[in-house]
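Biologist: I am new to this structure and would like to learn how to read its features one at a time. Where should we begin?

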Amino acid sequence: MRVLVAGATGVVGHPLVGALRARGHQVSALVRAASRAEAPDADAVVTADALDREALLSAVSAARPEVIVHQMTAFRLLGDDPAGAFALTARLRTEGTANLIAAARAAGARRLVAQSIAFAAAPAGEPVLDEDAPLYLQAPDPGWAATVGAVAELERLVLGSPDLAGVVLRYGALYGAGTAYARTGGTGQSVLAGRLPLPGGASGITSFLHVEDAVGAAVSAVESDAVGLFHVTDDDPAPAAQWLPHYARTLGGPPPRTIPAALAPRLLGWFTAHQLTAARGAANARARTALGWKPLRPSWRDVLGQE
Ligand SMILES: NC(=O)c1ccc[n+]([C@@H]2O[C@H](COP(=O)([O-])OP(=O)(O)OC[C@H]3O[C@@H](n4cnc5c(N)ncnc54)[C@H](OP(=O)(O)O)[C@@H]3O)[C@@H](O)[C@H]2O)c1
C-alpha cells in the first residue's frame, strides 16, 4: 500500500517508516523543511508544516497515499519550553489533525491512523480502565484540562470524518531509546538526580509501552480494516510504588524518597502528582482482539531503565 507517515523524524515515526517498508509498503515520509536532514530512508520525502494547510494539501497530494499515519507532537520541546511544547502539541492535535484530514480527503486516502494517549482518563472507577472510560476534561489543572480537550478533539476528528476510516491509537507512557524514560531523557535524569519521590502510597497507575510496540501497533493498524479507539499499552499496568523504585534501581540511581501526598502537587507539578497518586491504567484487550496486535514487551519490568 501507499502509506504516508506524518511525523517521520519522531521517536515513533522514524522507525515506523522502516517497519512499513520492511512489510512491502511504499512509504512517503512527511517532514518539515528544517528537519529534512533527519528524514528516514523512504520511498519519497515530502515537505510541509502541518499547521500550514495549503502546503500540507500539496505535499500529501504529491504522495497520493491510501493510508496516512499521524505521529506529530511537539514534545521534543519539553526540556526547553514545557508550556510551548504542550501548546504546540494541542495545535497539532486540533488544527494539524483537521488540516491532515482535509489533505487526506483531497488526495483520496481511505484510512487515517493517529497517535493519542492512554493516560487522559478521569481517575474514577476501576484501577485499570477500558476505552469507554470518560476523559478527564474537567481536570482541576487548566493545563491538563486543555491537553485532554485537544486529545478529545483529535479523537473526534479522526473518528468522525466521512469517507475516511479512522483509527486512534492511545499509546501508554512511551519508554525506550529517545523517550523521556531513557537514561538521558527528562524522567530518567530526574530519577537519577533523586528528584522524583513517591508521594504517599504512590498508588497512581501507569500503563507503559515500549517504542517498538508503538511502531508494531501502528503497522497493525495500517494493515487492518478495524476502525475505532484502541489503548496500546503493555500487559502490566503498575502503581508508582512498584515501577518507580524498580526503575531507579535499574538506572543505578538513588531509591526514591517518600513525601506526603499533600505536598506532591507543589513539589512535582500537578500532572506528575496526579500520575503518581491517582492516574488509572489502560487495558489493551480491544487492540489485541480488533487489531490482532500484542506487545512484544508485555512488561516494563524487563526493560524500563535499561536503554
Ligand atoms: N505522548 C505524550 O503525551 C508525551 C508526554 C510527555 C513526553 N512524551 C515524550 O514525547 C515523545 C513522543 O514521541 P513522538 O514520536 O510522539 O514525538 P517526537 O519524537 O517528538 O516526534 C514528533 C514528530 O512530529 C513532527 N512535528 C512536530 N511539529 C510538526 C509540524 N508543525 N508539522 C509537521 N510535523 C511536525 C516532528 O518533526 P520535526 O523533526 O520537524 O520536529 C517529529 O517528526 C517520547 O519521547 C515521549 O517520552 C510524550
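Modeller: Let us begin with how helices are named: helices are DSSP runs of at least four residues, numbered from the N terminus. Please keep in mind that this is a predicted model.

Biologist: How many residues apart in helix 4 are Arg156 and Glu153?

Modeller: In general, an α-helix has 3.6 residues a turn, so residues three or four places apart point the same way. Here, Arg156 and Glu153 are three residues apart in helix 4, and about one helical turn therefore separates them. Their side chains meet in a salt bridge, with 3.0 Å from N to O; Arg156 is exposed, with a relative accessible area of 52%, whereas Glu153 is partly exposed at 25%.

Biologist: Which parts does the salt bridge between Arg286 and Asp132 tie together?

Modeller: As a general idea, side chains of opposite charge can pair when their charged atoms come close. In this model the closest N and O atoms of Arg286 and Asp132 are 3.2 Å apart. Arg286 lies in helix 10 and Asp132 in the loop between strand 6 and helix 4, so the pair ties together parts that are 154 residues apart in sequence. Arg286 is partly exposed, with a relative accessible area of 30%, while Asp132 counts as exposed at 58%.

Biologist: And the ligand: which residues come nearest to it?

Modeller: Of the 24 residues around the ligand, the nearest are Thr9, Val11, Arg32, Ser35 and Arg76. In the side chain of Arg32, an N or O atom is 2.8 Å from an oxygen atom of the ligand. The ligand taken alone exposes 930 Å², of which the protein buries 90%.

Key. Residues are numbered from 1 along each chain as its sequence is written. This is a predicted model: local features need pLDDT of at least 70, side-chain atom pairs count only at pLDDT 80 or more; totals for chains, interfaces and linings use all residues. Side-chain values use heavy atoms; hydrogens and water are left out. A residue is near a molecule or strand if one of its heavy atoms lies within 4 Å of it. A polar contact is a pair of N or O atoms within 3.5 Å; within protein, one must be able to donate a hydrogen and the other to accept it, and residues adjacent in sequence count only if both atoms are side-chain atoms. Accessible areas come from the Shrake-Rupley method with a 1.4 Å probe; for residues, only the protein chains shown count as cover. A salt bridge is a side-chain nitrogen of Lys or Arg within 4 Å of a carboxyl oxygen of Asp or Glu. Helices (H or I, at least four residues) and strands (E, at least two) are DSSP runs, numbered from the N terminus. Buried means under 20% relative accessible area, exposed over 50%, partly exposed in between (1.4 Å probe, protein chains only).
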